[in-house]
Amino acid sequence: MRSNTRHTVQRTTTPTTGLRRDTMTDLHVYDTTLRDGAQQEGLNLSVTDKLAIARHLDDLGVGFIEGGWPGANPKDTEFFARAAKELELRNATLAAFGATRRAGGAASTDPLVRALLDSQASVVTLVAKSHTGHVERALRTTREENLAMIRDTVSFLRGEGRRVFLDAEHFFDGYAVDRAYALEALRAAAESGAEVLALCDTNGGMLPTQVAEVVHDVVTTLGLPASGDTRVGIHCHNDTGCAVANSMAAVDAGARHGQGTVNGYGERTGNADLVSVVSNLQLKKGLPLVEPHQLQEATRISHAISEVTNVAPYSRQPYTGSSAFAHKAGLHASAIKIDPDLYQHMDPKHVGNDMRMLVSDMAGRASIELKAKELGFALDANDEQDSNLMKRVLAGVKDKELRGFTFDAADASFELLLRRELEGGLPDYFDVESWRVITDARGTGDALSEATVKLSAGDKRYVRTGEGNGPVNALDQALRSALSKAYPEIEQFELVDYKVRILDASHGTDAVTRVLIETSDGTTTWTTIGVAANILEASWDALVESVTYGLLRAKVEPR
């Protein structure tokens, strides 16, 4: 992010929107995924994980990466030690997070303040109290001592050659209780040399109009940025669902430093999603925050970080979600066929995403045509033969959806359906003779499932047995074992997700079951579907389609 370079204000045209605007000068974009984001429930990052994420963030072009709290957390102390040797950042500056000195002490001898120096980070972000209630009840000190803690710590770190950013914790709530004291806390930091005064909506309870009013008051009252290099920043949590909107409102009101986390990670409902904030400011407001080619990596980086954190990507996440530019309704498809901009707020390529057409019972022929094009098949609605084919596919889709299938969640199964119509069938990879599953439980021990699969592949017959911790796992093992000799390519396939839904709950255990299976080849994933009254039959159908699609995708010829 071009956060350390000053830009002159000029009139320009945003290439992605065609809007003329005044270019903003040197807006900081500050990522706190490794510290505040890591506080998310169920998220536990190793030092190696944090180093990997930091490299991804640097590729995105962020200006600052908050690595953690050295001294207070052994893992974060190790992170900074390793980062000094292993991390080569091209765009970002590493920041260490910590607190002001303890009440009654001195910054120069405070062990946690010394740990911030030992981290070797050139930027230190200090969290300080700006809410009188927290000063008196949490810190258990006086208001005057809290201000002294801020002045002493900032001055000491500045004297040691560090750039200092201040996180004014609970600022908006503190401002509502005692505006004068909240502003005095900021003034104490600014006068001591703090470069950034980040206003924190720590409880996440603010709304955009409130944020805008407070930020404007702070900027005006403290005379920023006219007072020098000190700037106001914003740090929002998402408890009202307004973290991104609040961040945008703060920037409009004069904030020149924005904090957030990739994918909106964070405690409770999370933090402002940094990718959404950056995309909004750059693509909608025309502010040059990162190079266009860096923003085009946003979707890849968002998903790559999800892999490191082991938190599944949210499909409906703005900009980078798999459903962010997915279209299902037939009416939409007809319009998109003429001009994609009619139902999209922007070209998804600007954030490295892509448009997807979902096929369902809402689809029309335009949906089929566009989905076929997406899959590499050129169909022409004006051609009688193609038009009839699309009618047959559409009728088949609607018939199957009536029986419980859902192709908007199973692209691979739809492609197989389409290929059956277009190509008169699918490659004859194998012929299933029979399959069966037995589950055996004895006493209080765990139940063990055993599956037997009989099939022919090429000119050979295979009978294989597989064991698993459940019947579907056993079927998967048996099918793989039976096919591995003829098709060793399937060794790269891995079942990564399995979902079951009962479609007619009123029938209880006699209800129709829908199964979705997601499979990976190590590079990409695909989803197939099975629907049947018997859950094992539905699972088997989805497994067979998964293997068939995987072999077809790998361009394997029948043997």
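## Helices on the open sheet

Helix 17, which spans residues 471-483, lies across strand 13, strand 14 and strand 15, and its direction runs at about 30° to that of strand 14. Helix 18, made of residues 535-553, lies across strand 13 and strand 14, running at about 135° to strand 13. These descriptions, like those that follow, come from a predicted model.

## The open sheet itself

The sheet that carries these helices is an open one, in which three strands follow the order 13-14-15 with antiparallel pairing. Its edges are formed by strand 13 (431-440) and strand 15 (460-468), each of which pairs on one side only. From one strand to the next, the twist of this sheet averages 10°.

Strand 14, covering residues 448-457, pairs with strand 15 in the antiparallel sense, and nine bridges join the two. As one example of a bridge partner, Glu-450 is matched with Glu-467 in strand 15. In general terms, the strands of a sheet pair through backbone hydrogen bonds, and they may do so in either a parallel or an antiparallel manner.

## The closed barrel

Elsewhere in the chain, eight strands form a closed barrel that runs 3-4-5-6-7-8-9-10, and here the pairing is parallel. The twist in the barrel averages 25° from one strand to the next. Strand 3 (residues 28-31) and strand 4 (residues 64-68) are paired in the parallel sense over two bridges, and the partner of Asp-31 in strand 4 is Ile-65.

Helix 9, built from residues 243-252, packs on this sheet, where it touches strand 8 (196-201) and strand 9 (231-236), and its direction makes about 170° with that of strand 9. Helix 10, built from residues 274-284, lies across strand 3 and strand 10 (257-260), and runs at about 165° to strand 3.

## A pair of helices in contact

Helix 3 (residues 111-118) and helix 5 (residues 143-159) have axes that come within 11 Å of each other and cross at roughly 30°. Angles under 35 degrees count as roughly parallel, and helix 3 and helix 5 are therefore described as roughly parallel to each other. Their crossing is right-handed.

On the side of helix 3, the contact is made by Val-113, Arg-114 and Leu-117, while helix 5 contributes Thr-153, Phe-156 and Leu-157. Sorted by class, the residues in this contact are four nonpolar, one polar and one charged.

## A buried lysine

Lys-50 has its place in helix 1, which covers residues 47-60. Because its relative accessibility is 2%, Lys-50 counts as buried, the cut-off for that class being under 20%.

When its neighbours within four places in sequence are left aside, Lys-50 is in contact with Leu-34, Leu-45, Gly-67, Gly-68, Asp-76 and Phe-79. Of these, Gly-67 and Gly-68 fall within the residue range given above for strand 4 (residues 64-68).

## The chain as a whole

Taken over its full length, the chain holds 18 helices and 18 strands, and of its 559 residues 51% count as buried. Among the contacts in the chain with a separation of 6 or more, 67% are accounted for by residues 24 or more positions apart.

Terms used: Residues numbered from 1 in each chain as written. Predicted model: local features only at pLDDT ≥ 70, side-chain atom pairs only at ≥ 80, totals over all residues. Heavy atoms only, no water. Axes fitted to C-alpha atoms, helices over the stretch in contact; angles between N-to-C directions. Helix = DSSP H or I, 4+ residues; strand = E, 2+ residues; numbered from the N terminus. Parallel < 35°, antiparallel > 145°, perpendicular 65-115°, else oblique. Left-handed = near helix turned anticlockwise from the far one by under 90°. Contact = heavy atoms within 4.5 Å. Nonpolar A, V, L, I, M, F, W, Y, C, P; charged D, E, K, R; others polar. Pairing = 2+ DSSP bridges. Buried < 20%, exposed > 50% of the residue type's maximum accessible area, 1.4 Å probe, protein only.
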